[in-house]
Amino acid sequence: MRLLSATSVLLSAAALATVLGLGPVSRVVAGQPVPALAPSGSEQDEQVVVQIRARQFIPATVTLHAGRKTKLVFENQDAELHAFVPVGLFVGVNLNISGNGAPEFGTEGFKRVIIPSSGRAEITFVPEQPGSYPFFCDMPGHEMRATIVVDK
Ligand SMILES: [Cu+2]
C-alpha cells in the first residue's frame, strides 16, 4: 500500500507538471528527435576503423562527432609501411595512442604515427572543433589523402 500511494503521488506530480505546461523534459523540435542524455559510460563511445589497402585510406571520408569519445583505428593491410599524418585535428586535444605503430610527437603535439605492414594504430580522443580535417601518408612516393569530418 505504501508503494502504491507513492506511485500515486508521482503520477499526480506528473499530471500537475503537464497542467502547468512544464511537460515532459525531452521534446521534439522541428521533427528531429532530441538525443537522450546518456548516463556516463561507454554508450556514447564511437569506434571508427580506417583500412589502408593498395595505398588508399578506406573510407576516404571519415565522420566523427564533436564531444564524443572516439577510438580511431588504422589497419595497414599493405606489405609496406604507411603513416597517418593529421592536419589540425589534434591541435590542443589530448590523445592516447596504442597498437604497434610508431608515434612521433613534436613541439605542437602529435605529428604522425607510422604503421607497419599488418599493423594497427588506435588513437583515442575526443574531437572538439567541428570541421573538415585532411590527413595523409607522408611516406616517399605515396599519394594518399583522405578527410576526417567532425560533425556537431
Ligand atoms: Cu603510405
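Two residues are in contact if their C-beta atoms, placed from the backbone, lie within 7 Å. The structure treated here is a predicted model, in which local features need pLDDT of at least 70, side-chain atom pairs count only at pLDDT 80 or more, and totals for chains, interfaces and linings use all residues. Residues are numbered from 1 along each chain as its sequence is written.

**Exercise 1. State what share of contacts in the chain between residues at least 6 apart in sequence joins residues at least 24 apart, and what share of the residues is buried.**

Step 1. Of the contacts between residues at least 6 apart in sequence, 64% join residues at least 24 apart.

Step 2. A residue is buried if 20 or more other C-beta atoms lie within 10 Å of its own, exposed if 12 or fewer, and partly exposed in between, with C-beta atoms placed from the backbone. By this criterion, buried residues account for 15% of the 152 residues in the chain.

**Exercise 2. Determine over which residues pLDDT stays under 50.**

Step 1. pLDDT is the predictor's confidence in each residue, from 0 to 100. Its mean over the chain is 82, and 71% of the residues reach 70 or more.

Step 2. Residues 3–29 stay under 50, and the model has nine contacts beyond four places in sequence for them. Residues 38–42 also stay under 50, with two contacts beyond four places in sequence.

Step 3. Where pLDDT is low, the predicted coordinates should not be read in detail.

**Exercise 3. Describe the secondary structure and the sheet that has the order β5-β13-β12-β7-β10-β9.**

Step 1. Helices (H or I, at least four residues) and strands (E, at least two) are DSSP runs, numbered from the N terminus. The chain has one helix and 13 strands, and the helix precedes the strands in the sequence pattern.

Step 2. Two strands pair if DSSP finds at least two bridges between them. The sheet in question is open, comprises six strands and has mixed pairing. Its edges are β5 (61–65) and β9 (102–106); each has a single partner strand, so one side of each is left without a neighbour in the sheet. The twist averages 25° from one strand to the next, the axes being lines fitted to C-alpha atoms (for helices over the stretch in contact), with angles from 0 to 180 degrees between N-to-C directions.

Step 3. At one edge, β5 pairs with strand β13 (residues 144–151) in the parallel sense over five bridges, and His65 is opposite Asp151.

Step 4. Strand β12 (residues 131–137) pairs with β13 in the antiparallel sense over seven bridges, with Pro134 opposite Thr147. These two strands form a hairpin with six residues between them, and Gly141 in the turn has a positive phi of about 85°.

Step 5. At the other edge, five bridges join β9 to the antiparallel strand β10 (residues 109–115), where Gly106 has Gly109 as its bridge partner.

**Exercise 4. Locate strand β6 in its sheet and identify which of its residues form the covered face.**

Step 1. An open sheet of five strands, with mixed pairing, has the order β4-β3-β6-β11-β8. Because β4 (56–58) and β8 (95–99) stand at the edges with a single partner strand each, one side of each is left without a neighbour in the sheet. Here the twist averages 20° from one strand to the next.

Step 2. Strand β3 (residues 46–53) runs parallel to β6, joined by seven bridges; Val49 is opposite Val73.

Step 3. Strand β11 (residues 120–125) runs antiparallel to β6, joined by six bridges. Thr70 has Phe125 as its bridge partner, and Leu72 has Ile123.

Step 4. In a regular strand the side chains alternate between the two faces of the sheet. In β6 (residues 70–76), the covered face consists of Thr70, Leu72, Phe74 and Asn76, whereas Lys71, Val73 and Glu75 form the uncovered one.
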